[in-house]
Structure formats: structure tokens, C-alpha cells
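User: Could you take a close look at the metal site for me? I would like to know what holds it in place along the chain.

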Amino acid sequence: MGHWALEDIPWERFDCSKLDPGIGRIVKAASLVEYNGGAYAHHLCRIFRDDPDFQCAARRWGEEEIQHGRALARWAALADPSYDFAAAFDRFQAGYRIDFDTAASRRGSRSGEMIARCMVEVGTSSYYSALRDGVREPVLREICRNIAADEIRHYKLFYKTLTRCLERDRIGLWQRLRIALGRIAEAEDDELAYAYYAANETSGLYDRRRCTRAYARRALALYRQPHVQQMVAMVFKVVGLAPHGRLARAATQLAWRALRYRTARLARIAA
Ligand SMILES: [Fe+2]
Ligand SMILES: [Fe+2]
């Protein structure tokens, strides 16, 4: 059982006069990525093939991610009744392919895999918090409030599993940092860009750079400093650094400045 269900969302309060331009496009893209969560749960079960307790938690996690996709898709169809989620998801699956059936983690160890999973949850928890705080439409705010709370719980699940894995797969600060930063950099890879394309474009060729920019321009503009501070604290905790120390404060300032610079640059390019 998840912590909330689609029936808990007050769909009748949907207010089209409070739709923010461009938000529908990034919500559609997110609905596809989230709905694909079941495939990754299968991959985690293969990696942790001798750990039935974790497998059970991973399947529950996958179901929650799928529910995120369903809720966002339903909202997107309210905002744009022409949105055909099933067709968009087919396009996404046909164009974005990863071997989810392999039992080998791309991160080299179970600890590495958990660090990468934590980074994804850092990204999603901060993103839905930023979306919740940045949009005016009340139903979307409520959906994002629920999703952000789930994503924090997912982070805690993977962090707890990481501490257990580290007892066997000990990896040091630098390697942890390398995996964490590597996974953060992958946010610019195909997954989100292709989801943006599959959700919003039914003709024309896929252009990763253009789709990455179109998605990032709308998504990054939602972030405020407290969201960045929370992200940095969560990343620091995973790599084994003090989440609220002097270094974390400096990293927050640096990340916030970099984010503002990138947001302004993307806005200039789009103008
Ligand atoms: Fe999610
Ligand atoms: Fe999650």
C-alpha cells in the first residue's frame, strides 16, 4: 500500500485559469519517466537477487513511481485534453532503450548502485518540491506535495540500504563522490530529453540538445535557494560529508549561482 492514492487527489479543484505556461510540457515528460519506474524495479531485483526483503521494498518503490506517472498523466490530460499518454509512452519506450534485465549494476557494486539511486531521489524530491512551490494550479500542487514526500521516503530507503551495503562493499569518499557526480551529470542524458520529445512532439526528428534545453529552461526556473540547499545536504550525506557544515554551505552557494547562471543563459537562448 502506498501512502496516498489517485482518489485522494482533489481532481474537482482543477483550475485552468491558474495554468502556468510551459508547465504542462514538463509535467508530460515527467509522467513518462515516472511511469517507466517498474522497469528499474525489475533491474534492482536482479542486482539484489539474494535479498528478498530489499526486492520487496524495490517492487513497492517501483509501484509508487508508476503511480507518480499516472497522477501526472491524469493532470496533464486535464490541462491538455489532447494529450494521449498511452501513445506518448509507446513512443518513449520505442526510442529510449536500456537493458533493465541485466543483473550487473552500471555502478560496479551494490553500494555504487545505491548511491546512484539516492542521487535520482535527490533530484526528484527537490524537483517536485520546486514544482509544488512554483506553480499556481492547486491540483498540481497537491500532486507534487504527495510525490515529493514519496521521493524523500525513497531516498531514505536507498540511503538505509547503502549503509548496509557499505559494510560489505566499502568504497571511499572519492569513489562515492565520483559515482554521485556522475549520476547527477547523467540528468542531461537521453532519458528526460527523450521523454520531453515523446510527450510533446509527434513529428520531426529528435534533437537531444534542443529537448534538453527546452526541458531544463522550464524546470530549472522553478528552483529557489532552499531547494538547492536541501539537495546539497542530501548529496553530502550520501557521500559521507557533513550535510550542514561549512563545506555544504559553500557548495550550496556555488550550486545556486551555477543554477541561476544556467537558467538565465537558457532563457537568453530561447528568446
Ligand atoms: Fe517518482
Ligand atoms: Fe522516487
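Analyst: Happy to; here is a walk through the two ions and their donors.

A word on the basis: this is a predicted model, where local features need pLDDT of at least 70 and side-chain atom pairs count only at pLDDT 80 or more, while totals for chains, interfaces and linings use all residues. Residues are numbered from 1 along each chain as its sequence is written, chains are lettered from A and ligands numbered from 1 in the order in which they are written, and side-chain values use heavy atoms, with hydrogens and water left out.

Donors here are N, O and S atoms within 2.8 Å of the metal (3.2 Å for Na, K and Ca); water is not among the atoms, so sites may look incomplete. For the iron ion (ligand 1), they come from Glu-34 (OE, listed twice), Glu-65 (OE), His-68 (ND1) and Glu-151 (OE), at 2.0 to 2.6 Å. Their spacing in sequence reads E-x30-E-x2-H-x82-E. His-68 sits in helix α3 (residues 52–79) and Glu-151 in helix α6 (residues 138–166), so this pair ties together parts 83 residues apart in sequence. Helices are DSSP runs (H or I, at least four residues), numbered from the N terminus.

The iron ion (ligand 2) has Glu-65 (OE), Glu-121 (OE, listed twice), Glu-151 (OE) and His-154 (ND1) around it, at 1.9 to 2.7 Å. Glu-65 bridges the two iron ions, which lie 3.8 Å apart. Glu-151 and His-154 are three residues apart in helix α6, so about one helical turn separates them.

Both Glu-151 and His-154 are buried, meaning under 20% relative accessible area (1.4 Å probe, protein chains only; exposed is over 50%, partly exposed in between). His-68 is buried too, at 0%.

Note on methods:
Helix = DSSP H or I, 4+ residues; strand = E, 2+ residues; numbered from the N terminus.
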